[in-house]
Amino acid sequence: MHEYSGSCLCGTVAYTIIGKADRFYHCHCRRCRKVTGAAHASNLLLPDVESAQFTRGADHVTFYKLPDAIRFSTCFCQTCGSKLPRILPALNLVVIPAGSLDHEPVESPQAHIFNDSRASWDCGAGDLPNFEAYPT
């Protein structure tokens with residue numbers, strides 16, 4: 001088990017999550033590009049929703065679910081807009097935006113996913129495997 005801790009840019013919101021990420025992906029889907037404003041979203045996925053808590057500023061956290069999407073949502077600080085972990089009990093999953101961590105994660109990214117949606121201006125894949133959707 002690891003402890004993941006992080007916060008938003010302005011420091012209003014902080015969180016702690018105890019668990020172990022079983023996946024760490026760079027997602028290139030159009031929705032992730034839109035919500036981050038970047039070429040991809042980098043997320044750690046933990047299959048343990050009991051371990052997540054906002055330790056400061058929980059009342060400043062906004063959860064937004066895209067109405068026409070089955071599984072796409074985002075969580076962010078109302079003050080500065082920084083992305084924050086999404087706690088998804090229905091999927092038994094916590095999704096941590098890697099950039100919100102206050103430390104380097106012990107895990108390394110495992111793959112690029114939704115590579116068929118990759119922006120032409122992306123920096124490149126490096127040595128990680130590429131998948132057109134979620135790996136099986």
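The exercises below work through sheets, contacts and cysteines in one predicted model.

Residues are numbered from 1 along each chain as its sequence is written. Because the model is predicted, local features need pLDDT of at least 70 and side-chain atom pairs count only at pLDDT 80 or more, while totals for chains, interfaces and linings use all residues, and side-chain values use heavy atoms, with hydrogens and water left out.

**Exercise 1. The three-stranded sheet**

Task: Find the order of the strands in the open sheet of three strands, and say which strands stand at its edges.

Solution:
- Step 1. Fix the terms: strands are DSSP runs of E with at least two residues, numbered from the N terminus. Two strands pair if DSSP finds at least two bridges between them.
- Step 2. Read the order: it is 1-2-5, with antiparallel pairing.
- Step 3. Strand 1 (2–7) and strand 5 (52–56) each have a single partner strand, so they are the edges, and one side of each has no neighbour in the sheet.
- Step 4. From one strand to the next, the twist averages 20°; the angle is taken between N-to-C directions of lines fitted to C-alpha atoms, on a scale from 0 to 180 degrees.

**Exercise 2. Strand 2 and its partners**

Task: State how many bridges join strand 2 to strand 1 and how many join strand 2 to strand 5.

Solution:
- Step 1. Strand 1 and strand 2 are antiparallel and share six bridges. His2, for example, stands opposite Gly19 in strand 2.
- Step 2. The hairpin of these two strands has six residues between the strands, and Gly11 there takes a positive phi near 85°.
- Step 3. Strand 2 (residues 14–19) also pairs with strand 5, in the antiparallel sense, over four bridges. Tyr15 stands opposite Phe54 of strand 5, and Ala14 has Arg56 as its bridge partner there.
- Step 4. Check the cover of strand 2: five of its six residues are buried. Buried means under 20% relative accessible area, exposed means over 50%, and partly exposed lies in between (1.4 Å probe, protein chains only).

**Exercise 3. The five-stranded sheet**

Task: Give the strand order of the open sheet of five strands and describe how strand 3 pairs with strand 10.

Solution:
- Step 1. The order is 8-9-4-3-10, and the pairing is mixed.
- Step 2. Strand 8 (86–88) and strand 10 are the edge strands, each pairing on one side only.
- Step 3. The average twist from one strand to the next is 30°.
- Step 4. Strand 3 (residues 23–27) runs parallel to strand 10, with three bridges between them. Tyr25 has Ala111 in strand 10 as its bridge partner.

**Exercise 4. Salt bridges**

Task: Locate the salt bridges and classify the residues that form them as buried, partly exposed or exposed.

Solution:
- Step 1. Apply the cut-off: a side-chain nitrogen of Lys or Arg must be within 4 Å of a carboxyl oxygen of Asp or Glu. The whole structure yields two such bridges.
- Step 2. One joins Arg23 to Asp22, with the closest N and O atoms 3.2 Å apart. Arg23 is partly exposed at 28%, and Asp22 is partly exposed at 40%.
- Step 3. In the other, Arg118 meets Asp122 at 2.8 Å, N to O. Arg118 is partly exposed at 22%, whereas Asp122 is buried at 13%.

**Exercise 5. After strand 10**

Task: Describe the aromatic pair and the contacts of Asn115.

Solution:
- Step 1. Rings of Phe, Tyr and Trp (its six-membered ring) pair if their centres lie within 6.5 Å; planes under 30 degrees apart are stacked, over 60 edge-to-face, and the rest tilted.
- Step 2. The search finds one pair. The ring centres of Phe114 and Tyr134 are 5.0 Å apart and the planes stand at 85°, so the pair is edge-to-face.
- Step 3. Both residues lie in the segment after strand 10, so the pair ties together parts 20 residues apart in sequence. Tyr134 is exposed, at 55%.
- Step 4. Asn115 lies in the segment after strand 10 (111–113) and is buried at 18%. Leaving aside neighbours within four places in sequence, Asn115 is in contact with Asn130, Phe131 and Glu132 (contact: heavy atoms within 4.5 Å).

**Exercise 6. Cysteines**

Task: State how many disulfides the structure holds, and test Cys8 and Cys27.

Solution:
- Step 1. A disulfide is a pair of cysteine sulfur atoms within 2.5 Å.
- Step 2. The closest cysteine sulfur to that of Cys8 is in Cys10, at 3.7 Å, too far for a bond. Cys8 is buried, at 6%.
- Step 3. For Cys27 the closest is in Cys29, at 3.6 Å, also too far for a bond. Cys27 is buried, at 8%.
- Step 4. The count of disulfides is zero.
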